[in-house]
Amino acid sequence: MGSRIRENVQHFFECFCEVVPPTENKEPWIIQQYPYTYKDEEVLKSVSKFAYPYRFENTVIQHYSFVLTDIESKWTFGFCRHDPRSQTAIVVLSYLPWHQAFYKFLDNIAVLMHSRDTESLNEFLSSVYKMKLTGPGKKFVVPFNKGENVFSVDCPHPIAHLLPSIPENRNLTEYYNAVETNNMMIIFASMLYERRIIFTSKRLTRLSACVQSANDLLYPMIWQHIFIPVLPMAFSDYLLAPMPFLIGVPDEVFKTVNKCDIGDVVILDADNSTIETPFDDVHNLPSEIVTSLKKQLKNRSALLGDGVSRAFLRALVQLIGGYRDALSFEDKPNFDEEKFIETRPSSLQPFLKEMLQLQIFRQFIEERLNILGAGLGFTDQFETEVSVYSEKSSSKLKQQYKEWTSTMKKEGTAFFRNVKDKANPAVKSAVKTVKDGGKGMKSAYKGLRSKLKDNQNPRQFENGLKTSLDKPRSAPSSPTNKRRSITFRREAPLSLTGSTIERPYSPLSSIAQTLSPDSADHSQTGSPSLDIPKIDLMNEMKDILKLRLDTPPVDRSLKPVRSLENFKNSSPIPSPERWVLPSRSPNPPVTSPSARFFIPTQKSQDTQNLLLQSPDDVFSSPPVPPRSSKTRDFFGTAPFVIGGGHNENGHPVFLVANQHTVDVVRLSPPTSSPRRKVGESSQ
């Protein structure tokens with residue numbers, strides 16, 4: 001049994017039918033057909049049943065397909081369209097599995113059926129029927145309506161040359177969207193075991209698309225048993241058949257079936273993506289096939305286009321791609337089954353022994369032998385993937401590698417166990433030595449810690465701070481004693497000029513030489529070397545801590561200083577009792593030193609503010625923020641000190657200049673009260 005697709009097809013379609021829905025007393029029947037010469041009564045009787053597989057109320061436009069099988073096991077494809085605006089269904093029969101092209105063809109027929117020109121439909125059907133088919137990949141173009149309109153569709157490549165892709169292929173897109181990839185794998189494995197498989201759905205479009213796509217994913221093999229994408233209610237007895245089948249059963253039809261009568265079947269609910277199976281076919285497949293398939297189907301970004309189809313194709317390449325090793329060419333090409341099993345990896349042999357008895361595999365081998373016998377080369381997608389897979393990993397090398405890996409795994413376990421037993425005493429001895437050496441370090445640390453605690457001075461860590469709330473105003477003090485310095489002696493300037501080093505050492509380099517620890521200080525290039533003295537880290541730590549403990553603290557904190565700018569930026573307080581500066585006449589009167597300055601009986605408000613502060617307050621109080629002033633003159637707008645000295649009693653006095661006056665201020669000694677009364681006169 002070979003391919004189920006006919007060759008040398010002459011017409012785009014074989015027959016067009018319009019079917020009237022069933023009534024209570026009458027089965028569905030064909031009201032018109034084209035061409036009228038089509039006389040296959042058995043096919044025409046089946047068309048009306050597949051057009052209305054059960055009684056349903058049509059609310060949306062539906063496209064679906066069905067398959068009729070003749071006595072030679074060749075398929076005739078039926079494409080059906082239901083429209084809620086029409087009281088009938090239209091069907092097209094063809095030998096070509098061009099789903100997208102025929103769905104478009106049905107849409108054009110529906111438009112013409114609702115037009116006023118009744119002759120346009122006959123003209124269109126006649127033009128398409130008589131037009132000669134073009135080759136794959138080309139346009140099939142048919143002018144009609146006296147050349148005013150054109151019907152055009154793409155002639156798709158056979159699946160052997162172009163895998164189904166998403167979203168171009170409507171069947172695969174529907175199957176992938178409706179069914180999870182894990183369930184797709186279960187159906188795939190069940191088909192490899194040739195189980196009895198049922199698809200169910202409430203939608204005829206989804207039902208036929210999933211069944212058709214499941215068969216396409218079996219390429220390069222083809223399902224050789226009962227194949228019915230949509231099962232009419234009248235043919236429900238097919239579910240009782242003991243042989244393998246792949247059938248799409250509408251949900252309403254499946255409700256009428258007793259599950260106990262149909263026996264062990266795999267049931268996939270395409271609406272809910274759930275599956276029931278009494279078998280464990282996925283786990284019975286070789287593990288490497290399942291792992292590789294799962295990995296490819298998880299990468300969703302790579303599944304667009306032909307990613308899904310190619311993932312299942314590569315799984316079959318791993319399974320049966322090595323059939324070439326079993327071919328022999330004497331009088332004609334032959335296939336040696338025993339050699340096929342022997343040349344396969346040991347992990348695949350149990351499954352392949354069962355696969356030799358499957359009709360889908362026998363059809364595949366028969367087709368390949370026919371191609372070789374006819375002198376034709378292999379140009380299909382399967383053989384291309386086989387060549388790619390063979391280049392990546394040879395089957396014989398892969399088998400040898402697995403056997404070697406298994407042997408090394410067994411022997412390696414014993415080897416590492418032996419190494420562990422020998423290494424344990426040495427490791428324990430090394431750990432004990434390290435622990436004993438660590439005790440000396442621990443005692444030295446305790447001694448330094450106790451010394452630090454005994455000699456700890458709280459002020460040593462204050463860095464000039466009086467309280468813990470103060471913030472440091474300078475960097476922490478550093479020891480001023482002379483500490484022992486460590487110098488690196490270098491006999492000559494280090495230079496790489498004239499060096500003969502071409503590349504750094506690399507364990508992958510054949511000319512590189514390893515350096516031992518003893519020879520690490522000796523240059524191999526003739527360049528001068530560095531004499532690095534040995535450093536005793538423990539003694540250095542002791543010297544540093546001792547130096548820290550014996551060093552007195554240095555107070556580097558800043559003291560607050562009162563700037564004269566604060567007086568200049570202070571705004572004056574208006575006061576009527578101010579004396580005016582002496583006039584700047586060219587001949588000023590000569591006065592005695594005692595009467596050189598006029599001392600007012602009542603001082604200005606700014607001067608009185610100064611009298612309220614002691615000398616320490618004047619020079620150590622926080623700066624007063626400047627206040628705005630509308631007028632500015634040569635002296636500024638704030639009082640400031642212009643001179644000072646001692647009076648007759650030896651008390652210190654200062655000359656404070658305001659905007660219009662100059663005050664003589666006597667400050668009390670620091671030992672007296674820091675505040676003086678405002679009314680008290682100054683000398």
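Start with the whole protein chain on screen and its surface switched on: about 42,000 Å² is exposed, and carbon and sulfur atoms supply 54% of that area. Keep in mind that this is a predicted model. Switch to cartoon and you have 20 helices and 19 strands to find your way around. Of the 683 residues in the protein chain, 39% count as buried. Look too at how the fold is wired: among contacts between residues at least 6 apart in sequence, 63% join residues at least 24 apart.

**Stop 1: strand E1 and its partners**

Select residues 15-20, which make up strand E1. How many of the residues of E1 are buried? The count is 6 of 6, so to speak a strand that is mostly covered. Show the side chains and look at the two faces. In a regular strand, side chains alternate between the two faces of the sheet. Here Cys 15, Cys 17 and Val 19 sit on one side, with Phe 16, Glu 18 and Val 20 on the other, and both faces are covered.

Now add the strands that pair with E1. Residues 89-94 are strand E5, which runs antiparallel to E1 and is joined to it by 5 bridges. Pick Glu 18 and you'll find Ile 90 of E5 opposite. Next bring in residues 29-34, strand E2, which also pairs with E1 in the antiparallel sense, over 5 bridges. On that side, Val 19 stands opposite Ile 30.

**Stop 2: the big core**

Which residues have the most contacts inside the largest nonpolar core? Select Phe 12, Phe 13, Phe 105, Leu 192, Phe 199, Met 221 and Phe 361; the core they belong to has 135 residues. Then colour residues 307-320: this is helix H11, which gives the most to this core, with 9 residues. In soluble globular proteins, nonpolar side chains tend to be buried together.

Zoom in on Phe 13. Beyond its neighbours within four places in sequence, Phe 13 is in contact with Tyr 34, Val 92, Leu 93, Ser 94, Phe 102, Phe 105, Leu 125, Val 128 and Tyr 129. Before moving on, jump to a second, separate core of 6 residues, which includes Phe 640, Leu 655, Ala 657 and Val 664.

**Stop 3: three helices**

Select residues 99-113 for helix H2, which has 15 residues. From first C-alpha to last, H2 reaches 21 Å, close to the 21 Å expected. Its buried residues include Phe 102, Phe 105, Leu 106, Ile 109 and Leu 112.

Helix H5 is residues 181-192, and its 12 residues reach 17 Å, close to the expected 16 Å. H5 is mostly covered, with 10 of its 12 residues buried; among them are Met 184, Met 185, Ile 187, Phe 188 and Leu 192. Step just past the end of H5 to Glu 194, where the backbone takes a positive phi of about 55°.

For the third helix, select residues 204-216, helix H6, and pick out Ser 213. Is Ser 213 buried or exposed? Ser 213 counts as buried because its relative accessibility is 2%, and the cut-off is under 20%. Leaving aside neighbours within four places in sequence, Ser 213 is in contact with Asn 171, Leu 172 and Tyr 175.

**Stop 4: salt bridges**

Side chains of opposite charge can pair when their charged atoms come close. The model has 17 salt bridges to hunt for.

Try Lys 139 and Asp 154, whose closest N and O atoms are 2.9 Å apart. Lys 139 is in strand E6 (residues 139-144) and Asp 154 in strand E7 (residues 149-154), 15 residues apart. Lys 139 is partly exposed at 48% relative accessibility, and Asp 154 is partly exposed at 46%.

Next, show Arg 324 and Glu 383, which meet in a salt bridge at 2.5 Å, N to O. Arg 324 is in the loop between H11 and strand E13, while Glu 383 is in helix H15 (residues 381-392), so the pair ties together parts 59 residues apart in sequence. Arg 324 is partly exposed, with a relative accessible area of 34%, whereas Glu 383 is buried at 2%.

Then look at Glu 252 and Lys 255, with closest N and O atoms 3.7 Å apart. Glu 252 is partly exposed at 41%, and Lys 255 counts as exposed at 56%.

Finish by selecting Arg 81, Asp 83, Arg 85 and Asp 107, which are linked in a network of salt bridges.

Definitions and conventions:
Residues are numbered from 1 along each chain as its sequence is written. This is a predicted model: local features need pLDDT of at least 70, side-chain atom pairs count only at pLDDT 80 or more; totals for chains, interfaces and linings use all residues. Side-chain values use heavy atoms; hydrogens and water are left out. Helices (H or I, at least four residues) and strands (E, at least two) are DSSP runs, numbered from the N terminus. The expected span of a helix is 1.5 Å times one less than its number of residues. Buried means under 20% relative accessible area, exposed over 50%, partly exposed in between (1.4 Å probe, protein chains only). Two strands pair if DSSP finds at least two bridges between them. Contact means heavy atoms within 4.5 Å. Accessible areas come from the Shrake-Rupley method with a 1.4 Å probe; for residues, only the protein chains shown count as cover. A nonpolar core is a set of buried Ala, Val, Leu, Ile, Met, Phe, Trp, Tyr and Cys residues joined through side-chain atoms within 4.5 Å. A salt bridge is a side-chain nitrogen of Lys or Arg within 4 Å of a carboxyl oxygen of Asp or Glu.
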